[in-house]
2 protein chains.
Amino acid sequence: MSVDRPPATMTEIAAALGVSSATVSNALSGKGRVSAELSAKIRQAAEELGYVPSHAARALRTGRTGVIGLVLPDISNPLFPQIAQAIEQAAASAGFGVLIADSRGEIAQQTAAIGRLIERGVDGMIVVPRRGSRIADIGTPVAIIDSPSTPGNTVSSDHWDGGVQMGRHLASLGHRKVLLIAHSRESNVQNDRIGGLRAGLGKEVCCETLWVEDLEASKGAGCALGLSVRVADGFTGFAAVYDLLALRALTELQRDGIDVPLQASVSGFDDLVWSSVVMPPITTLRQDLATIAECAVEALGHAIADSEASAGDLIAARPDCEGVPMTLMVRQSTGPAAISVVSDAGNAREDGR
Amino acid sequence: MSVDRPPATMTEIAAALGVSSATVSNALSGKGRVSAELSAKIRQAAEELGYVPSHAARALRTGRTGVIGLVLPDISNPLFPQIAQAIEQAAASAGFGVLIADSRGEIAQQTAAIGRLIERGVDGMIVVPRRGSRIADIGTPVAIIDSPSTPGNTVSSDHWDGGVQMGRHLASLGHRKVLLIAHSRESNVQNDRIGGLRAGLGKEVCCETLWVEDLEASKGAGCALGLSVRVADGFTGFAAVYDLLALRALTELQRDGIDVPLQASVSGFDDLVWSSVVMPPITTLRQDLATIAECAVEALGHAIADSEASAGDLIAARPDCEGVPMTLMVRQSTGPAAISVVSDAGNAREDGR
DNA sequence: CTGAAAGCGCTTACAG
DNA sequence: CTGAAAGCGCTTACAG
């Protein structure tokens, strides 16, 4: 029905019914003020005539566009598809459109991208900050998705607790020497996960953190992690702070002829698509991105509604949004710790740490 | 400068300069019609007063929003971040904003998502269609990124030629028995790649295609590909049709104790982030997404400009956009073919084909 | 409960 | 080359 006809306007509905456009507006926006009967009649006419609201006119009149910006400063982040999907979903239910802004990871581009969003009149924006970066106060409501330890954070997974879950899992499997693999010391998320892992592993377990950025600084990107030496040193658990690192660890171990999980367990974070596709599938933690997205959008919605005047503030989150739980996905890459035959000599050491 | 002051409007500039807003509009839009001096003065005033154009007003007046939609029906597609980034970049340079629409891969949701975009008044949209799906004629210009063999396709990589490149690479390495690994027979992209691979490998090379969807139909998702049996059968090359499949192949081979590339070579398509991070890094083909995005945005831009009236058509592409070349990234996962010791008995066969 | 009127900020014929 | 005027479609006080 009414597929081809050009979309009707309120004015046309008003004319067709012999009422004023103000009344049509009131009826359609459901703000009361119109008798039930007239209201019904107007709705029906709108339906029949194929009324499509003009967002442009609404925006011009109200000063609100009904669009929010999504800023992913580090788009190479492989979690991006899921995040974008979750945000889009949540935003759509809340009646918002989502304008994307990318910045190729560079700070200047990030600023430019944010500027473009503002110029387009977004009502607010959701930012997943580049690790270590702070969001300057722009004159628009902003919700931030990061780690609970980030100041000004609005929503996030409970990365620490995720670490605890994984740490306990590994400890319960009997691992007593675990290598934590992280990339960047600046990342709040990574630090939270590391902290949680150590806590979950407990005092019994000897663990050490390998910061890949250090390795890369001395040996260049894409260098080997030197994991087989660690196995020889008695490490049986390798807990990476995100799946890509876990994948790197897994394939390096396998290439060196080490059986996972028989000789070494490997775990990650985030449950990216490949985690379950790899052989063996990787034990990891899944973020509840749907909830995260809902919280972010909801918080933003409130901020937009509230701060007509006092715009530009970071947003206070609902308490239950500050640490959304992660779910442990136990898969074949983790198993009981091998009997640890500790070789006494570190003779084969080949990596810098 | 002028950071805090609320953005000025054309009317304010006009008032400040004692000219009409029409003249300000003409000067700022650079459509001539205004003397050079006055124009310069207006530009300067705009700068000083912190003029920010109102997209809403412009949209209301012109009927164009300056926003295009990006529809990724299969957002789980791990290429999404790169595509989104490239499109956003190209769109920004062309003065468009990008509204995202996701549909969780379901056709109903896809329709809904497209509807939302239309209701928001996008001037056109770029669609990466779900494999096998056709885009119905909506009343809006649409550019499609798929394979050149898709009817109505606008832009795409030359997947066939990519296959040829990879096929030649493998053949030149001495591989004479190659397993092609694809997922879905419905996918034009995958079919193109397979066709190219066969052509590039040439008549000398014996090759067979493993359709993973068949395997999954009988054994369930996530089942083993049964690759080690193939190695025993004399296969030395495993050419997957996208990186995720290559990763699956690589890890399965490694888990079964087969050395890559010494005993078997593995290759993929798309150069996703993990391809170079895995051990050994995977030989693959990189798409020139920047060019693809530019072509798509350009084509869409023309269509939007042209078809004020005749909207709703699919777009005729620039000829050089129909097969954007891919770049072969040779990495460690492919190497000279092992001396093929063909075991005569298929005794260990464990997979269905 | 309903309507007349103004106005959001811009662009576009049309005069001058 | 410049300006006055109308209008894009809506919402919002304000009257009635």
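Around DNA strand D, this predicted model places 26 residues, and those that come nearest are T9(A), M10(A), A22(A), A57(A) and A22(B). Both protein chains take part: helix 1 (10–17), helix 2 and helix 4 of chain A each give two or more residues to the surface near the strand, and so do helix 2 and helix 4 of chain B. Sorted by type, the residues of this surface come out as 12 polar, 10 nonpolar and four charged.

Turning to DNA strand C, 26 residues surround it, with A22(A), T9(B), M10(B), A22(B) and A57(B) the closest. Here helix 1 (10–17) of chain B joins in, along with helix 2 (21–29) and helix 4 (55–62) of chain B, while chain A brings helix 2 (21–29) and helix 4 (55–62); each of these supplies two or more residues. The surface near strand C splits into 10 nonpolar, 12 polar and four charged residues.

The two protein chains also meet each other, with 43 residues of chain A in contact with 41 residues of chain B. On the chain A side, at least two residues apiece come from helix 4, helix 5 (80–93), strand 2 (97–102), helix 6 (107–119) and helix 11 (243–255). That side of chain A is made up of 23 nonpolar, 11 polar and nine charged residues.

As for chain A overall, 12 helices and 10 strands are found in it. Half-and-half is a fair way to put its burial, as 50% of its 353 residues count as buried. Taking contacts between residues at least 6 apart in sequence, 73% join residues at least 24 apart. Confidence in chain A averages a pLDDT of 86, and 87% of the residues score at least 70. The stretch to treat separately is residues 340–353 of chain A, where pLDDT stays under 50 and the model has 20 contacts beyond four places in sequence.

Over in chain B, four strands make an open sheet in the order 6-5-7-8, with parallel pairing. Strand 6 (206–211) and strand 8 (265–267) sit at the edges with a single partner strand each, so one side of each has no neighbour in the sheet. From one strand to the next, the twist averages 20°. Within this sheet, strand 5 (residues 177–182) and strand 7 (residues 237–240) of chain B run parallel and are joined by four bridges. Across that pairing, L180(B) stands opposite A239(B) of strand 7.

Helices pack across these strands as well. Helix 8 (residues 188–201) of chain B lies across strand 5, strand 6 and strand 7, running at about 170° to strand 5. Helix 11 (residues 243–255) of chain B lies across strand 5, strand 7 and strand 8, and the angle to strand 8 is about 160°.

One residue of chain B is worth a closer look: V297(B), which lies in helix 12 (residues 289–306). V297(B) counts as buried because 27 C-beta neighbours fall inside 10 Å, against a cut-off of 20 or more. Leaving aside residues up to four places away in sequence, V297(B) touches I87(B), A90(B), A91(B), A94(B) and F96(B). Another pairing spans a long way in sequence: I126(B) is 171 residues from V297(B) along the chain, yet their C-alpha atoms are separated by 7.8 Å.

Notes. Residues numbered from 1 in each chain as written. Chains lettered and ligands numbered in written order. Predicted model: local features only at pLDDT ≥ 70, side-chain atom pairs only at ≥ 80, totals over all residues. Near = placed C-beta within 6 Å. Nonpolar A, V, L, I, M, F, W, Y, C, P; charged D, E, K, R; others polar. Contact = placed C-beta atoms within 7 Å. Pairing = 2+ DSSP bridges. Axes fitted to C-alpha atoms, helices over the stretch in contact; angles between N-to-C directions. pLDDT = per-residue confidence, 0-100. Buried ≥ 20, exposed ≤ 12 C-beta atoms within 10 Å, placed from the backbone.
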